[in-house]
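Here is a friendly walk through a model, from its packing to its surface. Please keep the viewer open while you read.

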Amino acid sequence: MIVKLISFFGSRTCSYGAAIADFSSFIMSIVNSFKYLKKVRFRTYYEVIINQTIFTGVNALIIVASIALLAGGTVIIQALTSLPKFGVEGFLGNLLVIIIARELGPLLTALIVISRSGSAIATEISVQKWSKEILSMELIGIDTRLFIVLPRVIASVISICGLIIIFDIVAFLGGYLISQTVVYISLDQFGQTLINAFTFKDIGAAFLKGTLFGITIPVICCYYGLKPVSKFEIPIYVSKAVMRTLFVTIILNIMVSIMFYV
Amino acid sequence: MKRLRDRNPNEFRVGLFILVPITILLMFILLKLGYSLSGSTIDVYLKIDNISSIKKGTSIKLKGYDVGKVVDLTPVYRPALHFLAKMRIQKDIELHEDCSAIILNQNIIGDTVIELRNPYRRGKPLLEGDVIEGLEYVNLEELLKEVNKLLTSVTSTVDVLKQISLESRSNIRDMLANLSNSVGAVNNILQKSQGDILTTLSTFRDTSKVLNEISKELKKNPMKFILKGKKEETQEGKTK
């Protein structure tokens, strides 16, 4: 029994170690590919970046805005029902900044991007690999690391940073609209409270989170997208890609919050 | 614009997607730095001796309404160390150059604000770069120190009064006892001399009757009354 338990832990540790080593070698291969970046024309990636930004950023605007509006409203509803009514107008801005801009904005945006684009990236690359498209590219001398991963990272960073800003603005608007049903606050006063509550540290933290999420989401999804060797493994690795990215995103979010606010 | 949009709609959409958040962010940073997008602010300076309660971002209010904020604090070393707080105020707010600025706390735990007050007799309007003088500095800490000092003084006065009352308690008791004795003595005297008083009063009454009779007699025969005594004297002289 004990031997089985020890061997179980040993095998798990070895498999995790192997996975980490494999992922590290994948990252290193991407980093090594950067030295060929000078030889590649930007126009090669341009279309991919545009298409990826359209899919990850522009097409996600409606869903991000809807979720942001509801999230802002929910935060304000909770605040107005839990906090005392008198004098609450002075704290709504602070509350929205603390909850929406610092935490919910980047995290919910990342979750939306993971569920929409992360799964799509993993599936697309898996299918490309299964249909030997990637092999063909390698055979004609295209660096697939650069051609597949880098444009997606750039598009993802642009999209997530843009979506975070839009999420925050729409959530503030939603919060303001909901707050009008209970307490009257002029838009000027609300805006001033928000501006006073915001600090450059919040902006820095949001951008750092956006950049880190923008790098990790496509990198992990590409890593798992390149894994399947048969078409039956595609859903397994897509599911793994989404779950692992989710996990890493939450860990990164906590780490950045600790770094900036603790 | 339409041609550009039609030529490559994806590029146009991505461009918009990048530009809109960047514009929002820039606007926000400008507002955070205290700039107004419409250019409707002026920068004026506030001369202060102490910056312990003022910091960048401190609100400036007029009649409780937010009219601007402190955007910078600069030390001035001569003639004596003081500070200039750069205040960015809305241009459309009517302020005069001899207005006063009072640093005060919004409430007991609230942030410090600068309250601007226009003078009763208004002078020239406040212009860009003007320095507001005559600052009245109300520091909550100082105020609490003063209140504490006052309370200490009141407590010591009450202690002194208490001591005095304790010391003079026996004297007051003696005085009250003496007063009681004196009242008793006066009462005794009044009781003892009650009979004498009645006799005196009856004598007064008799005397008044006699005087009444004399006055009646005098009214009836004044000459007889006057001469009566003389006749009696002469008769007495004759008999002698």
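A residue counts as buried when its relative accessible area is under 20%, and as exposed when that area is over 50%; whatever falls in between is called partly exposed. By that yardstick, buried residues make up 20% of the 240 residues in chain B. Please bear in mind throughout that this is a predicted model.

**Chain B in outline**

Chain B has 6 helices and 8 strands. Starting at the N terminus, its elements follow the order α-α-β-β-β-β-β-β-β-β-α-α-α-α. Among the contacts in chain B with a separation of 6 or more, 60% are between residues 24 or more positions apart. The accessible surface of this chain comes to about 18200 Å², and carbon and sulfur atoms hold 59% of that area.

Part of chain B's surface is a nonpolar patch of about 700 Å². Its members are B:Val210, B:Leu211, B:Ile214, B:Leu218, B:Met223, B:Phe225, B:Ile226 and B:Leu227. Two helices of chain B, α5 (194–220) and α6 (222–239), each supply at least two residues of the patch. One of the patch members, B:Phe225, sits in helix α6 of chain B. Is B:Phe225 buried, exposed or partly exposed? Its relative accessibility is 32%, so B:Phe225 counts as partly exposed.

**The nonpolar cores**

In soluble globular proteins, nonpolar side chains tend to be buried together. Here, the largest nonpolar core holds 69 residues, and the members that touch the most others are A:Phe26, A:Leu96, A:Ile100 and A:Ile217. Helix α6 (residues 144–179) of chain A gives the largest share of this core, with 15 residues. A second, separate core has 22 residues, including B:Leu46, B:Ile48, B:Leu62 and B:Val67.

What does A:Ile100 touch, leaving aside its neighbours within four places in sequence? Its contacts are A:Ala71, A:Gly72, A:Val75, A:Leu95, A:Gly105, A:Pro106, A:Phe167, A:Asp168, A:Ala171 and A:Phe172.

Helix α6 of chain A also holds A:Ser156. With a relative accessible area of 5%, A:Ser156 is buried. Not counting residues up to four places away in sequence, A:Ser156 touches A:Gly214 and A:Pro218.

**A covered helix**

Helix α2 of chain A has a good list of buried residues, among them A:Tyr45, A:Val48, A:Ile49, A:Gln52, A:Thr53 and A:Gly57. Which elements cover the buried residues of α2(A)? The cover includes α3 (61–82), α4 and α6 of chain A, together with α2 (9–32) of chain B.

**Aromatic pairs**

A pair of aromatic rings is described by the distance of the centres and the angle of the planes. Over all chains, there are 10 aromatic pairs. Two of them are set out below.

| Pair | Centre to centre | Angle between planes | Kind |
|---|---|---|---|
| A:Tyr45 and A:Phe147 | 6.5 Å | 40° | tilted |
| A:Tyr223 and A:Tyr224 | 5.0 Å | 80° | edge-to-face |

The pair of A:Tyr45 and A:Phe147 links distant parts of the chain: A:Tyr45 belongs to helix α2 (residues 42–58) of chain A and A:Phe147 to helix α6 of chain A, 102 residues apart. A:Tyr45 is buried at 6% relative accessibility, whereas A:Phe147, at 24%, counts as partly exposed.

Why is the pair of A:Tyr223 and A:Tyr224 edge-to-face? The planes of the two rings lie at 80°, and an angle over 60 degrees counts as edge-to-face. A:Tyr223 is buried at 7% relative accessibility, and A:Tyr224 is buried with a relative accessible area of 10%. Ring pairs also link A:Tyr223 and A:Tyr224 into a cluster with A:Phe23, A:Phe26 and A:Tyr237. A:Phe26 appeared earlier among the residues that touch the most other members of the largest core.

**Two lysines with positive phi**

Most residues other than glycine have a negative phi, and most peptide bonds are trans. A:Lys132 has a positive phi, near 65°. A:Lys132 lies in the loop between α4 (92–130) and α5 (133–139) of chain A, and its relative accessible area of 48% makes it partly exposed.

In chain B, phi of B:Lys63 is also positive, near 55°. B:Lys63 is placed in the loop between β2 (59–62) and β3 (65–76) of chain B. At 79% relative accessibility, B:Lys63 counts as exposed.

Definitions and conventions. Residues numbered from 1 in each chain as written. Chains lettered and ligands numbered in written order. Predicted model: local features only at pLDDT ≥ 70, side-chain atom pairs only at ≥ 80, totals over all residues. Heavy atoms only, no water. Patch = residues over 30% accessible without salt bridge, like charges linked within 9 Å, V, L, I, M, F, W, Y side chains within 5 Å. Areas by Shrake-Rupley, 256 points an atom, 1.4 Å probe, with all protein chains shown as cover. Salt bridge = Lys/Arg side-chain N within 4 Å of Asp/Glu carboxyl O. Helix = DSSP H or I, 4+ residues; strand = E, 2+ residues; numbered from the N terminus. Buried < 20%, exposed > 50% of the residue type's maximum accessible area, 1.4 Å probe, protein only. Core = buried A, V, L, I, M, F, W, Y, C linked by side-chain atoms within 4.5 Å. Contact = heavy atoms within 4.5 Å. Phe/Tyr/Trp six-rings, centres within 6.5 Å; stacked < 30°, edge-to-face > 60°.
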